Amino acid sequence: MQEPFFEPWVGENYPSQAPKILVLGESHYGKPEWYTPAFTQYVVKDWALCQKGSSPFFTKIAKILLGKPYEWISLEEKHKLWNRVAFYNYVQQFVGDGPRMRPTPEMWAEAEEALDYVIAQLTPDIVIVTGKELGYHVGTFEKKYTGPAKFCYWTHPSARAFKKEDAVKAFDEAKNNYAK
């Protein structure tokens, strides 16, 4: 198994959660001078924990995981949520310097071993996969995966096609399957 370049965000209370939830994003983008193993930590602190601002991507995820998909949530609730989950981006290189840039076939191919490593290390019960193309690649991984984690597939929360009710339903199914 290959270790990831970008270290996952692991909330301080993640190890004691039941179920343990790993939120899987697709990729990072940024300037070459930002390329560091701790980049995911900066992204979560800046945008999920709102140190630089609020991100619809992280906020929508938090609302669904908190069971409040149509409600306003406080900064305190966001902090509690992101300190109970882990977050990891599948592709282990910057895909470019701005949003809407796509991973290359080589980037997708190289990412699978690192995901296997992260899942083995974090032992999540539920893996939330955020995005259709990401879902395709993780679905290929899941067919070979023999561990206990349940995979939950969502449309990307920033996509126009994202429907909160679909994400809620998929998450509820994953929680019910975890409980069995």
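Biologist: In this predicted model, which residue in β5 stands opposite Thr 130?

Modeller: Opposite Thr 130 stands Trp 154, which belongs to β5.

Biologist: How do you know that strand β4 is joined to β5, and in which direction do they run?

Modeller: Two strands pair if at least two bridges are found between them; strand β4, residues 126-130, is joined to β5 by 5 bridges, and the two run parallel, so the condition for a pair is met.

Biologist: What makes β1 and β5 stand at the edges of the sheet?

Modeller: The sheet is open, with 5 strands in the order β1-β3-β2-β4-β5 and mixed pairing. Within that order β1 (9-10) and β5 (150-154) each have a single partner strand, so that each keeps one side without a neighbour in the sheet. As for the helix α5, it lies across β2 (21-25), β4 and β5, and its direction makes about 160° with that of β5.

Biologist: Why is the aromatic pair of Tyr 35 and Phe 94 called edge-to-face?

Modeller: Ring centres must lie within 6.5 Å for a pair, and planes over 60 degrees apart count as edge-to-face. By this rule there are 18 aromatic pairs. In the pair of Tyr 35 and Phe 94 the distance is 5.2 Å centre to centre and the angle between the planes is 75°, so both conditions are satisfied and the name applies. This pair links distant parts of the chain, 59 residues apart, with Tyr 35 in the loop between β2 and α1 and Phe 94 in the loop between β3 and α4 (105-122).

Biologist: What lines the largest pocket, and which residues lie nearest its centre?

Modeller: The lining consists of 31 residues, and Ser 27, Tyr 29, Phe 57, Pro 99 and His 156 lie nearest the centre. Two or more lining residues come from each of α1 (39-48), α2 (56-65), β3 (86-89) and α5 (132-144), and α1 gives the most, with 5 residues. By class, the lining divides into 14 nonpolar, 9 polar and 8 charged residues, while the space in this largest pocket is about 1000 Å³.

Biologist: What kind of peptide bond joins Ala 18 and Pro 19?

Modeller: The bond between Ala 18 and Pro 19 is cis, with omega at about 5°, and Pro 19 is found in the loop between β1 and β2.

Biologist: What is the phi of Thr 123, positive or negative?

Modeller: Thr 123, although not a glycine, has a positive phi of about 45°, and its place is the loop between α4 and β4.

Definitions and conventions
Residues numbered from 1 in each chain as written. Predicted model: local features only at pLDDT ≥ 70, side-chain atom pairs only at ≥ 80, totals over all residues. Heavy atoms only, no water. 1 Å grid on protein atoms, 1.4 Å probe; cavity = no way out; pocket = protein on both sides within 12 Å on 5 of 7 lines; lining within 4 Å. Points joined across faces, edges and corners; volume = space filled by probe spheres on them. Helix = DSSP H or I, 4+ residues; strand = E, 2+ residues; numbered from the N terminus. Nonpolar A, V, L, I, M, F, W, Y, C, P; charged D, E, K, R; others polar. Contact = heavy atoms within 4.5 Å. Axes fitted to C-alpha atoms, helices over the stretch in contact; angles between N-to-C directions. Phe/Tyr/Trp six-rings, centres within 6.5 Å; stacked < 30°, edge-to-face > 60°.
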